[in-house]
Amino acid sequence: MSCSMAGEEEFFLEEKRFKQYCEEFVRYSEQIGDGWEWRTTKDLGDGYLSKTHFQVRNGDVPPDLEEKNNDNTEQTLLTRVEESLDDSQVVGVCGTAEVIRYEYHVLYSSSYQVPVLYFRACFLDGRPLTLDEIWKSVHACYQARLLEGPWDTITQQEHPLLGQPFFVLHPCRTNEFMSAVLSASRTQSSHTNYILLWLSTVGPVVGLNLPLSYAKLAPEQNTNADSVER
């Protein structure tokens, strides 16, 4: 990870380090069953982090599914109940509920030297959510933030690897806020996973909330990424 000493430190994430952090993050995810995986495109050979999950709105979640998500009980206090389900489990959700399938991808941007969050969402009948519907799903506390700066403005672009339309959070100021986060972390002399910190910051803007289990698990892990950093 390189840095610039012009005033405040700036941390630029190299692609090699990006992949190391992603591998580490996937290991965390596997240990707590959060569903993240690394995918590689056949034609280009490039890869990205991927996760699919379902949000259930305006309805009740069956008791057997609630038991699976005891680690995320704080989310049940929200009007939007988020569940990590597969397609077969979604069928068991109350028919009056509104179920939306979200697909999140994390790619590396060579231009900005930071990770970028791409996502798309659709109803179970396959109808995709429009940009307006995506915007309405953003919590009010984040909407004000979105209007203030371009870094987290939601736009629709072609997926760099799949060539399909995805929504994306613009990354132009990612380095700015991550530099502050990483600087604070380094003062504590502890290993930090860039992807974990970054997703914890930008994910909630688009309904992606990381389980608290990550915070308990990450400090216990020693990785190659940590040794390279030192």
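A contact here means that heavy atoms lie within 4.5 Å. I needed that first, for the count of contacts further down.

**Entry 1: overall make-up**

I noted that the model is predicted. I looked up the secondary structure and found nine helices and nine strands in the protein. The protein has 230 residues, and 47% of them count as buried. I then took the contacts between residues at least 6 apart in sequence, and 61% of these join residues at least 24 apart. For the surface, I noted that the protein exposes about 11,900 Å². Carbon and sulfur atoms supply 49% of that exposed area.

**Entry 2: helix H1**

I turned to helix H1, which covers residues 15-32 and has 18 residues. How far does H1 reach from its first C-alpha to its last? I found 26 Å, close to the 26 Å expected at 1.5 Å a residue. Next I listed buried residues in H1, and among them are the aromatic residues Phe18, Tyr21, Phe25 and Tyr28. The list of buried residues in H1 also includes Arg17, Gln20 and Glu24, along with Cys22, Val26 and Ser29. Just after H1, I noted Gly33, which takes a positive phi of about 65°.

**Entry 3: aromatic rings**

I searched the whole structure for aromatic pairs and got eight. I picked the pair Phe119 and Phe167 for a closer look. A pair of aromatic rings is described by the distance of the centres and the angle of the planes. Why is this pair called tilted? The ring centres of Phe119 and Phe167 are 5.6 Å apart and their planes are at 35°. Planes under 30 degrees apart count as stacked and over 60 as edge-to-face, so the rest are tilted.

I also checked where the two residues sit in the chain. Phe119 is in strand E7 (residues 114-123) and Phe167 is in strand E9 (residues 165-169). They are 48 residues apart, and the pair links distant parts of the chain. Buried means under 20% relative accessible area. Phe119 has 0%, so Phe119 is buried. Phe167 has 4%, so Phe167 is buried. I noted too that ring pairs link Phe119 and Phe167 with Tyr102 and Tyr104 into a cluster.

**Entry 4: cysteines**

How many disulfides does a search of the whole structure find? I got zero. I looked up the exposure of two cysteines as well. Cys22, which lies in H1, is at 1% relative accessibility and counts as buried. Cys172 is at 30% and counts as partly exposed.

Conventions: Residues numbered from 1 in each chain as written. Predicted model: local features only at pLDDT ≥ 70, side-chain atom pairs only at ≥ 80, totals over all residues. Heavy atoms only, no water. Helix = DSSP H or I, 4+ residues; strand = E, 2+ residues; numbered from the N terminus. Buried < 20%, exposed > 50% of the residue type's maximum accessible area, 1.4 Å probe, protein only. Areas by Shrake-Rupley, 256 points an atom, 1.4 Å probe, with all protein chains shown as cover. Phe/Tyr/Trp six-rings, centres within 6.5 Å; stacked < 30°, edge-to-face > 60°. Disulfide = S-S within 2.5 Å. Expected span 1.5 Å × (residues − 1).
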